[in-house]
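Work through the exercises below with the structure open beside you. Try each task before you read its solution.

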Amino acid sequence: MAAPSVVRGLRPGDDAAIRQLFRDTLALGRPLPFDLPDMDAYERLSLDWFLGPGRGAAAVLEAEDRVIGYTLVALDHDAYRRWAVPQAVAWGARAAALLALGQGSPRARRFTWLRLVDGVVNWRHAPPPPQPALMHFNVARDARALDGGVRLAAHVNDVCRAAGVRGWYGEVNARVGRRAAAFEQFGGRIVARVPNRTMTWLAGRPIERLTVMREVDWPLRGTAPPVG
């Protein structure tokens, strides 16, 4: 019988495991099937604020001494945005330069171009945040049948409640027509859907980005799917 999973706060050695899990699940639960020339910078853009200023609110899901999931939380959304916007612009400039120089394989260049397009479109048309806090879930592909997602969601509820924050939201990539009901069953509410050009190209079928929100006092139930 498998050991039960537990949620705990971050320890100094967890950063490497979180970064590896990020890479291992980047392409809809799997690693990218090609090398990305600027992967280190892309990883830093995605993780460094949460493992730095936002570290105190983060947690990992652990089973048998192995990190099989994590949740990263920005309780101060404005502080996160002040950090993230210039970092995203800098990454975009480097990515555009690499494209201009023809760096990377054709598939890596295609990924980078589509990611830039998605980023610009999402930035131009992004609605106001539906809740004060932002979070990211991620669970290893071989652990997604476990109920750790609910435990990670409960952790986000707890840190938000302790900070006086009424609710949180996250974004997840999902096949069109799939998984929406699962989020609603665990107590989330889908408030926006936009096409994800990058993941649609990778998957070879339509993928949309769902924005999922919940109030901390809404009941948690069922098994929460991971939010990327």
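A surface patch is made of residues with over 30% relative accessible area and no salt bridge, and like charges are joined within 9 Å. Keep in mind that the model is predicted.

**Exercise 1. The overall fold**

Task: Find how many helices and strands the protein has, and in what pattern they follow along the sequence.

Solution.
Step 1. Count the elements. The protein has 7 helices and 7 strands.
Step 2. Read along the sequence. The pattern is β-α-α-β-β-α-α-β-α-β-α-β-α-β.
Step 3. Look at burial. Of the 228 residues in the protein, 46% are buried.

**Exercise 2. A positive patch**

Task: Name the residues that form a positive surface patch. Then place Arg30 and classify its exposure.

Solution.
Step 1. The patch is formed by Arg30, Arg141, Arg175 and Arg205.
Step 2. Locate Arg30. This residue sits in the loop between α1 (14-24) and α2 (39-51).
Step 3. Classify Arg30. Its relative accessible area is 46%. Buried means under 20% and exposed means over 50%, with partly exposed in between. Arg30 is therefore partly exposed.

**Exercise 3. A salt bridge between two strands**

Task: Glu62 forms a salt bridge with Arg8. Decide whether each partner is buried or exposed.

Solution.
Step 1. Recall the principle. Side chains of opposite charge can pair when their charged atoms come close.
Step 2. Check the distance. The closest N and O atoms of Glu62 and Arg8 are 2.9 Å apart. The cut-off for a salt bridge is 4 Å.
Step 3. Place the partners. Glu62 is in strand β2 (residues 59-63), and Arg8 is in strand β1 (residues 6-9). They are 54 residues apart, so the pair links distant parts of the chain.
Step 4. Classify them. Glu62 has 13% relative accessibility and counts as buried. Arg8 has 12% and also counts as buried.

**Exercise 4. Glu43 and its partners**

Task: Describe where Glu43 lies and what its side chain contacts.

Solution.
Step 1. Glu43 lies in helix α2.
Step 2. Test for burial. The relative accessible area of Glu43 is 8%. Because this is under 20%, Glu43 is buried.
Step 3. Find a salt bridge. Glu43 pairs with Arg19, and their closest N and O atoms are 3.0 Å apart. Arg19 is in helix α1, 24 residues from Glu43, and the pair links distant parts of the chain.
Step 4. Find a polar contact. The side chains of Glu43 and Arg23 are joined by one of 2.5 Å.

**Exercise 5. From one pair to a network**

Task: Compare the exposure of Asp38 with that of Arg94. Then list the residues of the salt-bridge network.

Solution.
Step 1. The side chains of Asp38 and Arg94 meet in a salt bridge of 3.5 Å, N to O.
Step 2. Asp38 is in the loop between α1 and α2, while Arg94 is in helix α3 (residues 77-100). The two are 56 residues apart.
Step 3. Asp38 is buried, at 18% relative accessible area. Arg94 is partly exposed, at 39%.
Step 4. Now follow shared partners. Salt bridges join Arg19, Arg23, Asp40, Glu43 and Asp48 into one network.
Step 5. Set this against the total. The whole structure holds 13 salt bridges.

**Exercise 6. A residue in a strand**

Task: Say where Leu134 is and whether this residue is buried or exposed.

Solution.
Step 1. Leu134 is in strand β4 (residues 133-139).
Step 2. Leu134 has 7% relative accessibility and counts as buried.
Step 3. Ala74 is 60 residues away along the chain, yet the C-alpha atoms of Leu134 and Ala74 are separated by 5.1 Å.

Note on methods
Residues numbered from 1 in each chain as written. Predicted model: local features only at pLDDT ≥ 70, side-chain atom pairs only at ≥ 80, totals over all residues. Heavy atoms only, no water. Patch = residues over 30% accessible without salt bridge, like charges linked within 9 Å, V, L, I, M, F, W, Y side chains within 5 Å. Areas by Shrake-Rupley, 256 points an atom, 1.4 Å probe, with all protein chains shown as cover. Lys, Arg positive; Asp, Glu negative; His and termini not counted. Charge placed at Lys NZ, Arg CZ, Asp CG, Glu CD. Helix = DSSP H or I, 4+ residues; strand = E, 2+ residues; numbered from the N terminus. Buried < 20%, exposed > 50% of the residue type's maximum accessible area, 1.4 Å probe, protein only. Polar contact = N/O pair within 3.5 Å; in protein donor to acceptor, adjacent residues only side chain to side chain.
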